[in-house]
Amino acid sequence: MQDARALLARPLRWLLRHVHNLYVAVELALIIALAVALAGLWGFAELAEAVGKGETQRFDDAVLLWLNRHATPTLDTVALQITAVGNGLTVVVVALVACAFLWAVRERVGVLLLAMAVAGGDLLNRVLKGTFARPRPELFVLDTPFARPVSASFPSGHATASMVLYLVLAYLLVRLCGRAAFKWVVIIVAGLLIFLIGLSRLYLGVHYPSDVIAGYLFGFVWAACCAFGIEAVRGLRARGRKEEVQPVSEAPAPPEPAEEGV
């Protein structure tokens with residue numbers, strides 16, 4: 001199975017090999033990124049419509065009630081610890097530390113990608129919450145030391161932030177490391193962490209399953225578009241530098257005139 005970089009680099013290499021005009025290459029890359037975004041947004045819109053019509057409510061309630069029936073004090077503590085990994089403060093701290101590391105290893109484009117993905121994802125998530133204004137579930141309330149969230153429920157901010165942050169971090173680490181075993185570890189840890197953060201929101205009863213799924217979907221689309229855009233810039237810049245240093249072909253020298261016989 002190829003890593004994330006190879007999957008993104010393959011269509012870009014095809015574009016750069018078959019398109020000789022840089023502006024046309026950029027336009028085609030943006031069209032592809034737009035197509036991916038539109039496909040993801042279509043899925044998000046379908047889910048949002050179903051939520052608005054109440055078609056997911058029975059499923060949402062059933063999942064939350066099932067989780068609550070299996071709640072224990074130990075699981076309560078574990079859920080609180082896991083959900084903290086996806087809250088706003090933790091996301092900011094992890095992103096800043098990661099940016100400092102990437103800057104130290106001269107991965108400037110990675111810093112730009114991470115900052116753009118995290119900041120943009122948070123801003124867009126807030127806009128979506130305000131747009132849909134779905135109330136939080138009130139099927140049960142766990143006794144925790146933290147105040148119950150009062151913001152809108154759809155889509156889940158924790159699910160969005162965890163998908164964006166840890167997916168982009170995994171992508172960057174896979175790019176930086178050449179060992180296959182390490183790449184698999186990074187991918188598995190990131191995927192497990194993203195899944196558990198979303199599950200903890202359901203266990204605590206502060207989000208519906210459809211909220212978490214919508215957050216995952218939106219976060220994946222946003223992170224993928226950011227990564228594709230960055231790789232497009234990388235490819236175009238590399239090709240530009242190659243064209244700048246390429247020597248101009250010299251015209252063949254004219255043949256020397258034949259010597260006349262004596």
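Biologist: Which residues is Thr160 in contact with, once its neighbours within four places in sequence are left aside?

Modeller: In this predicted model, Thr160 is in contact with Gly121, Asn125, Gly215, Phe218 and Gly219. Thr160 itself lies in helix 7.

Biologist: And why does Thr160 count as buried?

Modeller: Its relative accessibility is 2%, and buried means under 20%. The value falls under that cut-off, so Thr160 counts as buried.

Biologist: Helix 7 also holds Val168. What makes Val168 buried?

Modeller: The reasoning runs along similar lines. Val168 has a relative accessible area of 3%, and the cut-off for buried is under 20%, so Val168 is buried. Not counting residues up to four places away in sequence, Val168 touches Leu113, Leu114, Ala117, Met163 and Ala223.

Biologist: How many residues apart in sequence are Val168 and Ala227, and how far apart in space?

Modeller: They are 59 residues apart in sequence, while their C-alpha atoms are 7.7 Å apart in space.

Biologist: Let us turn to helix pairs. What makes helix 5 roughly antiparallel to helix 6?

Modeller: The axes of helix 5 (residues 88-104) and helix 6 (residues 108-132) cross at roughly 165 degrees and come within 8 Å. Angles over 145 degrees count as roughly antiparallel, so helix 5 is roughly antiparallel to helix 6. Helix 5 passes helix 6 in a left-handed crossing. On the helix 5 side, the contact is made by Val91, Ala95, Ala98, Cys99, Leu102 and Trp103; on the helix 6 side, by Arg108, Gly110, Val111, Leu114 and Val118.

Biologist: How many nonpolar, polar and charged residues are in the contact of helix 5 with helix 6?

Modeller: Nine are nonpolar, one is polar and one is charged. Gly counts as polar, which accounts for the class of Gly110.

Biologist: Then why is helix 4 called oblique to helix 8?

Modeller: Helix 4 (residues 73-84) and helix 8 (residues 180-203) have axes that come within 9 Å and cross at roughly 130 degrees. Roughly antiparallel needs an angle over 145 degrees, and roughly perpendicular covers 65 to 115. The angle of roughly 130 degrees fits neither, so helix 4 is oblique to helix 8. This crossing of helix 4 past helix 8 is left-handed. Leu75, Asp76, Ala79, Ile82 and Thr83 in helix 4 meet Leu196, Ile197, Ser200, Arg201 and Tyr203 in helix 8. By class, that contact has six nonpolar, two polar and two charged residues.

Biologist: Now the salt bridges. How do you know that the side chains of Asp60 and Arg134 meet in a salt bridge?

Modeller: The N to O distance is 3.1 Å, and a salt bridge asks for an Arg or Lys side-chain nitrogen within 4 Å of a carboxyl oxygen of Asp or Glu. The pair therefore qualifies. Asp60 is in helix 3 (residues 57-69) and Arg134 in the loop between helix 6 and helix 7, 74 residues apart. Both Asp60 and Arg134 are buried.

Biologist: What makes Asp122 and Arg126 separated by about one helical turn?

Modeller: They are four residues apart in helix 6, which means about one helical turn. Their side chains meet in a salt bridge at 3.0 Å, N to O. At 39% relative accessibility, Asp122 counts as partly exposed, because that value lies between the 20% and 50% cut-offs. Arg126, at 57%, counts as exposed. As for networks, salt bridges that share partners join Asp60, Arg134 and Asp211 into one.

Biologist: One last group, the backbone. What is the phi of Arg106?

Modeller: Its phi is about 60 degrees, a positive value although Arg106 is not a glycine. Most residues other than glycine have a negative phi, so a positive one is worth a look. Arg106 sits in the loop between helix 5 and helix 6, and at 67% relative accessibility it counts as exposed, since the cut-off is over 50%. Ala133 also has a positive phi, near 50 degrees, and its place is in the loop between helix 6 and helix 7.

Biologist: And is the peptide bond from Phe154 to Pro155 cis or trans?

Modeller: It is cis, with omega near -10 degrees. Pro155 is found in the loop between helix 6 and helix 7 (157-176).

Terms used:
Residues are numbered from 1 along each chain as its sequence is written. This is a predicted model: local features need pLDDT of at least 70, side-chain atom pairs count only at pLDDT 80 or more; totals for chains, interfaces and linings use all residues. Side-chain values use heavy atoms; hydrogens and water are left out. Axes are lines fitted to C-alpha atoms, for helices over the stretch in contact, and angles run from 0 to 180 degrees between N-to-C directions. Helices (H or I, at least four residues) and strands (E, at least two) are DSSP runs, numbered from the N terminus. Angles under 35 degrees count as roughly parallel, over 145 as roughly antiparallel, 65 to 115 as roughly perpendicular and the rest as oblique. A crossing is left-handed if the near helix is turned anticlockwise from the far one by less than a right angle, and right-handed if clockwise. Contact means heavy atoms within 4.5 Å. Buried means under 20% relative accessible area, exposed over 50%, partly exposed in between (1.4 Å probe, protein chains only).
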